[in-house]
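This briefing looks at how helices are arranged in one chain. Please keep the sequence and the model in view while reading.

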Amino acid sequence: ALDRSDFPQAHAYLAETLAQGGEDPRALELLGHLCYTQGVLPDAIDSYQKALAFAQETCALQVYIRLGKAYIKVEKYEEARQLYMSACSVCPCASVWAGLGTAYMRLKMFSQAEECLIEANLLDYLNPRIWGQLALCCLERDRSTEAEQALAQAHRHGLADADLMEEIGRKYFTMGLFEFAVGPLREAAQTGAGPTALCLLGDALFELADMQGAKHEYLAALDKCTSPEDKLNILPQLIKVTNIRGEDAEAKTHASVIHTMQSEIAKTKKMSEEKAAAALILDEVVEPNPEPEPKMTNEDES
């Protein structure tokens, strides 16, 4: 069922198997893979951890790699580092070294990260993502020339990782190397990056005085936004560009949109606060005590 992507049936089968005997490492591995594929990372982490606890030496390498990736996605970087260190003693392959390098990167231990990524690169010289991670690590260590060389190798071997390219572009941007930021950010946009990459690309083009290009990217970012808060982050940039381009009417339209959205957000917030306050008042209402029964008098007794 898992191979056929019949997730409900697969989940039901694995749940039944584990209910009969909850220490089946293989079933735990499969349940972890199922949850990981569906993006339910807390459940995936729980299943992988149990599988490793029951049979660490016999667990498939994929368990280590996916658990490490899940840790990194939920920002448990030290747990990822420890896991990959353990995996290196089981199977010191390129994927494990690269994962360890990523964990060190997130912990801002860039010297150790570079050592791990170099080891991964030696084991898998053609892996474009490892080259990309090396480029990012070089940027973090303020070695932009080596970063360019590593990035060229990543492109040569077909890098297509929107998140990594966005991260590289963002690092170039924070370093003030706007012309170098444009390429990675544009690639991120072309490979499915979200509105943050498009907005940052617009910022880079703005810094390079390409107002037409900046406006195009801000509008594209606006189209991809799903929350009012994200739109409110982009609209001021769009107003700035349209003002510079002398498009006063369009700038006023965007300003009006901001005002309307802010009013709606404030209204929604106020309603939520009023509901919360009303619920609190209801919780604090004390039911009246029942009236005591009247005492019997002598006349009643008689």
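**Helix H4 and its surroundings**

In H4, a helix by DSSP (a run of H or I of at least four residues, numbered from the N terminus), the residues Val63, Tyr64, Ile65, Leu67, Gly68, Ala70, Tyr71 and Ile72 are buried, meaning under 20% relative accessible area with a 1.4 Å probe, protein chains only. The model is predicted, with local features needing pLDDT of at least 70 and side-chain atom pairs pLDDT 80 or more, while totals for chains, interfaces and linings use all residues. Residues are numbered from 1 along each chain, and side-chain values use heavy atoms, without hydrogens and water.

- The cover over the buried residues of H4 includes helices H2 (25-38), H3 (41-55), H5 (77-90) and H6 (94-106), where contact means heavy atoms within 4.5 Å.
- Glu75, which follows H4, has a positive phi near 65°.

**The H10 and H11 pair**

- The axes of H10 (residues 162-174) and H11 (residues 178-190) come within 8 Å and cross at roughly 165°, the axes being lines fitted to C-alpha atoms over the stretch in contact, with angles from 0 to 180 degrees between N-to-C directions.
- The two helices H10 and H11 are therefore roughly antiparallel, a term for angles over 145 degrees.
- Among the residues that meet are Met165, Ile168 and Phe173 in H10 and Phe180, Pro184 and Leu185 in H11.

**The whole chain**

- The chain has 16 helices and 0 strands, and 40% of its 302 residues count as buried.
- Of the contacts in the chain with a separation of 6 or more, 46% come from residues 24 or more positions apart.

Conventions: Parallel < 35°, antiparallel > 145°, perpendicular 65-115°, else oblique. Buried < 20%, exposed > 50% of the residue type's maximum accessible area, 1.4 Å probe, protein only.
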